[in-house]
Amino acid sequence: MKLFAEAFAKVNRSLVVLGKRPDGYHELDTVFQAVGLTDRLTFEESDLLTLELDDPSIPAGAENLVLRAARSLAESAGIRPRAAITLEKRIPSGGGLGGGSSDAAVALVGLSALWELDLPLEVLSRIGGELGSDVPFFLHGGTARGLGRGERIAPLPDLPPQAVVLVMPPFPVSTPEVFRRLEAPVWDGRDGGDLGAGGDPDRNDLEPAAEAIFPALREVREALERAGATRARLSGSGSTVFGLFPDLATAAEAGRRLDGLPAGSAVRVVSTLTREESRSRSAPRLAG
Ligand code: C5P
């Protein structure tokens, strides 16, 4: 049996840092949005666990999140991890788009199907949350609030579809470095409360720290604002900056007019994905 699935990307519509926790992580209140930029994975029966990867900038060894997901899943099911996996990267790594986390989530679902495990979403979410804070979101898709480290997911109603211009600078950003730069207060133990219920403030608290390290990120954000984005923000810790537009034609036109981007930036115009759309893309199906 050979299965195929797509791993979609995310942007953070908003990201509020509530404070620094005793475990070294930051307590967050963020709104994730699935978008239509995808990696492609296949899963095939095999005697060994192998990963074939088309992007030399990503580690292909044991530390790769897809292989870690495979081993964690097999361990929790009490079986040996046996699969030949291929991964075609389209989502840049270090881009704040959650590519590695999405690949890991798709591996959990794809390998559950290949190995005929019948694990509930809560179990996959727990395994995913141990692999990385963003992984559980990719098991849900659509629009969702992320609490805790970002790993506690509360699905939100689908928003009307929007077009998204993704500006992906040619350099990655290190997430731990951005969090280290942040001068966050000690977390007082309270969650986002009403702030989160209001849902979606137009802010990303990681933006000033990331823009202090890479001033070009601010120029990208301002270029998107000049081009008419209804919202222009850093995604996660960057390096991708996204702009929201009412429709694809407006977004495509704005994408062509952007000026002052760092040399070598990639510009992509994609759509937001509803929960249904994101789940159907990431669901494993028989490869032809
Ligand atoms: O959970 P994940 O492995 O994706 O996190 C990467 C790094 O980002 C962590 O080691 C930590 O330095 C930082 N981080 C944080 N607070 C979060 C999520 C990540 O400080 N909520």
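Me: On a 1 Å grid over the protein atoms alone, a pocket is an open set of points with protein on both sides within 12 Å along at least five of seven lines, while a cavity is a set where a 1.4 Å probe fits but cannot get out; lining residues have an atom within 4 Å of a point. What is the volume of the second largest pocket?

Reply: About 200 Å³. A volume here is the space filled by probe spheres set on the grid points, which are joined across faces, edges and corners. This is a predicted model, where local features need pLDDT of at least 70 and side-chain atom pairs pLDDT 80 or more, whereas totals for chains, interfaces and linings use all residues. Residues are numbered from 1 along each chain as its sequence is written, and side-chain values use heavy atoms, with hydrogens and water left out.

Me: Which residues lie closest to the centre of the second largest pocket?

Reply: Of its 13 lining residues, those are Val109, Leu121, Leu139, Arg279 and Ser282. The elements giving two or more residues to this lining are α2, α3, α4 (135-140) and α10 (275-282), with α2 giving the most, 3 residues. Helices (H or I, at least four residues) and strands (E, at least two) are DSSP runs, numbered from the N terminus.

Me: How do the lining residues of the second largest pocket divide by class?

Reply: There are 11 nonpolar, 1 polar and 1 charged. Ala, Val, Leu, Ile, Met, Phe, Trp, Tyr, Cys and Pro count as nonpolar, Asp, Glu, Lys and Arg as charged, and the others, Gly among them, as polar.

Me: Where does the ligand sit?

Reply: The space it takes is the largest pocket. A molecule sits in a pocket or cavity if more than half of its atoms lie within 2 Å of its grid points, so the ligand passes that test for the largest pocket. That pocket has a volume of about 1,200 Å³. Its lining has 46 residues, with Ser101, Asp134, Thr175, Pro176 and Ser237 nearest the centre. By class, the lining holds 16 nonpolar, 20 polar and 10 charged residues.

Me: What makes a residue part of the shell around the ligand?

Reply: One of its heavy atoms has to lie within 4 Å of the ligand. The residues around the ligand are Gly24, Tyr25, His26, Leu28, Gly132, Ser133, Arg149, Thr175, Pro176 and Phe179. β2 (26-44) and α5 (175-181) each supply at least two of the shell residues, and α5 has the largest share, 3 residues.

Me: Why is the pairing of His26 with the ligand called a polar contact?

Reply: A polar contact is a pair of N or O atoms within 3.5 Å; within protein, one must be able to donate a hydrogen and the other to accept it, and residues adjacent in sequence count only if both atoms are side-chain atoms. An N or O atom in the His26 side chain is 2.8 Å from a ligand oxygen, so the pair qualifies. Ser133 also has a side-chain N or O atom 2.5 Å from a ligand oxygen. For Arg149, a backbone N or O atom lies 3.0 Å from a ligand nitrogen. Taken alone, the ligand exposes 450 Å², of which the protein buries 72%. Such areas come from the Shrake-Rupley method with a 1.4 Å probe; for residues, only the protein chains shown count as cover.

Me: What lines the largest cavity?

Reply: Gln33, Thr143, Leu159, Pro160, Pro161, Thr272, Leu273 and Thr274 do. The volume of this cavity is about 40 Å³.
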